[in-house]
Amino acid sequence: HKRPVPTEFVDQAVDRVVQRVLALGEREIASRDIGEMVMQELYALDKVAYIRFASVYRSFQDVSDFRDALKEVEAPAKRGRK
């Protein structure tokens, strides 16, 4: 709701996660696995949303955890500029 991402893109990301879960063919899926799938989608969709989710999902404890996540997000962008 708070990010400038079209609803259509969010719906598509949700559909991809659901399809990946269904493709596993398991009765139970670890929440950790679903969280990782969500993080992959958010990373591709919206980097700020990714950082927000990661901060809760990975239980960031201090500023260095945020710094590491930001470096992870910034690294591909820097490589693309060279």
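**Close-up 1. The salt bridge between R3 and D46.** In this predicted model, R3 counts as partly exposed, with a relative accessibility of 31%. Its partner is D46, and the side chains of these two residues meet in a salt bridge with an N to O distance of 3.1 Å. Because R3 lies in the segment before α1 while D46 lies in the loop between α2 and α3, the pair ties together parts that are 43 residues apart in sequence. D46 counts as buried, at 8% relative accessibility. The count of salt bridges in the model comes to three, and the other close-ups of charged pairs follow below.

**Close-up 2. The salt bridge between R16 and E41.** The side chains of R16 and E41 meet in a salt bridge, with 2.8 Å from N to O. This pair links distant parts of the chain, since R16 is in helix α1 and E41 is in helix α2, 25 residues apart. R16 is partly exposed, with a relative accessible area of 38%, whereas E41 is buried, with a relative accessible area of 12%. When residues up to four places away in sequence are not counted, E41 touches A13 and V17 as well as R16.

**Close-up 3. The salt bridge between E72 and R58.** Here the side chains of E72 and R58 meet in a salt bridge, with an N to O distance of 3.7 Å. E72 lies in helix α4 and R58 in the loop between α3 and α4, so the pair ties together parts that are 14 residues apart in sequence. Both residues count as partly exposed, E72 at 35% relative accessibility and R58 at 38%. S59 also has its place in the loop between α3 and α4, and its phi is near 50 degrees, a positive value in a residue other than glycine. At 42% relative accessibility, S59 counts as partly exposed.

**Close-up 4. The largest nonpolar core.** Nine residues form the largest nonpolar core, namely M39, L42, A49, Y50, I51, A54, F60, A69 and V73. Helices α2 (31-45), α3 (47-57) and α4 each supply at least two residues of this core, and α3 gives the most to it, with four residues. Leaving aside its neighbours within four places in sequence, the core residue F60 is in contact with A54, S55, D65, F66 and A69. One of these contacts, S55, is in helix α3 and is buried, with a relative accessible area of 16%. With residues up to four places away in sequence not counted, S55 touches F66 in addition to F60.

**Close-up 5. Helix α2 and its buried residues.** Helix α2 has 15 residues and reaches 21 Å from its first C-alpha to its last, which is close to the 21 Å expected at 1.5 Å a residue. The buried residues of this helix are G35, M37, M39, E41 and L42, and these buried residues pack against α1 and α3.

**Close-up 6. A nonpolar surface patch.** V10, V14, V18 and L22 make a nonpolar surface patch of about 320 Å². One of these residues, V10, is found in helix α1 (residues 7-24) and is partly exposed, with a relative accessible area of 34%. An α-helix has 3.6 residues a turn, so residues three or four places apart point the same way.

**Close-up 7. R67 in helix α4.** R67 has its place in helix α4, which covers residues 63-81, and counts as partly exposed, at 44% relative accessibility. The C-alpha atoms of R67 and E8, which are 59 residues apart along the chain, are separated by 30 Å.

Notes: Residues are numbered from 1 along each chain as its sequence is written. This is a predicted model: local features need pLDDT of at least 70, side-chain atom pairs count only at pLDDT 80 or more; totals for chains, interfaces and linings use all residues. Side-chain values use heavy atoms; hydrogens and water are left out. Buried means under 20% relative accessible area, exposed over 50%, partly exposed in between (1.4 Å probe, protein chains only). A nonpolar core is a set of buried Ala, Val, Leu, Ile, Met, Phe, Trp, Tyr and Cys residues joined through side-chain atoms within 4.5 Å. Contact means heavy atoms within 4.5 Å. Patches are made of residues with over 30% relative accessible area and no salt bridge: like charges are joined within 9 Å, nonpolar side chains (Val, Leu, Ile, Met, Phe, Trp, Tyr) within 5 Å. Accessible areas come from the Shrake-Rupley method with a 1.4 Å probe; for residues, only the protein chains shown count as cover. A salt bridge is a side-chain nitrogen of Lys or Arg within 4 Å of a carboxyl oxygen of Asp or Glu. The expected span of a helix is 1.5 Å times one less than its number of residues.
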